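User: Please take a close look at one buried charged residue in this protein and at the strand that carries it. Then set it against the salt bridges and sheets elsewhere in the chain.

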Amino acid sequence: MSHAYQILWVITIFWFIVHGNIVFEFQKTGLVPEGIDYSTQHGFLVGSLGLGQIHIVDPDTGNLSQLSSTSTLKSTLGIQVDEENNRIYVCNNNIAFPLNDEHASIVALRLNDGSFVAEYDLSNIGPNGSAKLLNDVTLPDANGNLYATDSNNGIIYRINLHSGDTSVFIESDALKPSDIFFSPIGIGANGIEIWNSEYLLVTRITNSTGSQPDVYKIDLDDDDDNSVPNLEPVRFLDNNIIFPAFDGLY
């Protein structure tokens with residue numbers, strides 16, 4: 001680990017940038033925020049690579065406070081606020097960096113107080129022995145399914161909130177890691193969102209300048225027990241792909 005990266009783990013300065021201006025700035029030892037979402041109840045919520053717990057950023061004052069305190073959370077990336085069901089869904093990795101651990105899960109918390117609800121373990125599905133990096137997670141579809149990206153293996157997992165069943169929804173070379181300038185291992189499937197239980201949008205960060213897709217659409221209506229979901233490239237500006245480095249989707 002580089003000296004510069006170690007410093008980030010000692011003192012984290014977190015900022016929101018709007019039109020080039022720093023709106024909030026604060027310090028907390030080991031925070032290293034990655035995932036972010038907004039709640040009308042609390043304001044901004046952020047995860048923590050270093051501490052694992054979910055924190056609140058007051059949008060009026062910029063004050064930081066801790067919401068969750070469960071020992072289940074180890075290193076968190078993407079988070080999804082579900083206000084209708086009083087839930088926060090969290091991508092929980094045993095160790096996010098360095099990437100060398102296959103243990104990972106989706107954790108459900110209560111939105112109002114951050115208390116633990118359930119853990120959906122993904123450690124034993126996907127490539128045997130391969131390290132996982134759960135990056136982002138959706139709201140539930142009409143059948144109670146969450147969808148979560150694994151950036152290291154090019155996989156989208158499906159988690160049913162009613163039964164607790166977990167499975168590989170889709171695994172594709174198109175979602176596997178691609179070389180990028182700031183990561184020697186690359187980053188595969190990244191941000192993910194669901195639209196009206198009809199389709200998923202998923203991103204992958206690349207160094208592409210238009211030669212390959214960076215956003216894919218996956219129709220959920222096409223999914224059944226006998227078919228493989230289809231990845232459809234999303235193209236912009238008269239079918240030209242000009243955005244080479246997508247990360248989160250909101």
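Analyst:

**A buried aspartate and its surroundings**

Of the 250 residues in the protein, 48% are buried. The model is predicted. Its secondary structure consists of one helix and 20 strands. Of the contacts between residues at least 6 apart in sequence, 42% link residues at least 24 apart.

The residue to look at is D37. D37 sits in strand β3, which covers residues 36–39. What lies on each face of this strand? D37 and S39 make up the covered face. I36 and Y38 make up the uncovered one. In a regular strand, side chains alternate between the two faces of the sheet.

Strand β3 pairs with β4, residues 43–46. The two run antiparallel and are joined by four bridges. Three residues form the hairpin connection from β3 to β4. Within this pair, D37 stands opposite L45 of β4.

Now the charge. D37 is buried, yet has no salt bridge. Where is the nearest side chain of opposite charge? That side chain is R87, and it is 14 Å away. A salt bridge needs a Lys or Arg nitrogen within 4 Å of a carboxyl oxygen, so a partner at 14 Å does not qualify.

What does the side chain of D37 have instead? One of its polar atoms lies 2.9 Å from the backbone nitrogen of V81. V81 also appears among the contacts of D37, when neighbours within four places in sequence are set aside. The others are G43, F44, L45, I79 and Q80. L45 thus appears twice: as the residue opposite D37 in β4 and as one of its contacts.

Next, the salt bridges. The structure holds two. One joins the side chains of E171 and K176, at 3.5 Å from N to O. E171 has a relative accessible area of 44%, so it counts as partly exposed. K176 is partly exposed as well, at 27%.

The other salt bridge joins K217 and D219, with the closest N and O atoms 3.9 Å apart. Are these two buried or partly exposed? K217 has a relative accessible area of 23%, which makes it partly exposed. D219 is at 24% and is also partly exposed. The cut-off for buried is under 20%, so neither K217 nor D219 meets it. D37, by contrast, is buried.

Both bridges can be placed in sheets. Four strands form an open, antiparallel sheet in the order β11-β12-β13-β14. β11 (134–137) and β14 (166–171) are at its edges; each has a single partner strand, so one side of each lacks a neighbour in the sheet. On average, neighbouring strands here are turned by 30 degrees against each other, direction ignored. E171 falls in the range of β14. Five bridges join β14 to the antiparallel β13, residues 155–160. In this pair, T166 of β14 is the bridge partner of I159.

Another open sheet has four strands in the order β17-β18-β19-β20, again with antiparallel pairing. Its edge strands are β17 (189–195) and β20 (231–233), each pairing on one side only. The average turn between neighbouring strands of this sheet is 30 degrees, direction ignored. K217 and D219 fall within β19, residues 215–219. Three bridges join β19 to β20, and the two run antiparallel. There, Y216 stands opposite P233 of β20.

Notes:
Residues are numbered from 1 along each chain as its sequence is written. This is a predicted model: local features need pLDDT of at least 70, side-chain atom pairs count only at pLDDT 80 or more; totals for chains, interfaces and linings use all residues. Side-chain values use heavy atoms; hydrogens and water are left out. Buried means under 20% relative accessible area, exposed over 50%, partly exposed in between (1.4 Å probe, protein chains only). Two strands pair if DSSP finds at least two bridges between them. Lys and Arg count as positive and Asp and Glu as negative; His and the chain ends are not counted. A polar contact is a pair of N or O atoms within 3.5 Å; within protein, one must be able to donate a hydrogen and the other to accept it, and residues adjacent in sequence count only if both atoms are side-chain atoms. Contact means heavy atoms within 4.5 Å. Axes are lines fitted to C-alpha atoms, for helices over the stretch in contact, and angles run from 0 to 180 degrees between N-to-C directions.
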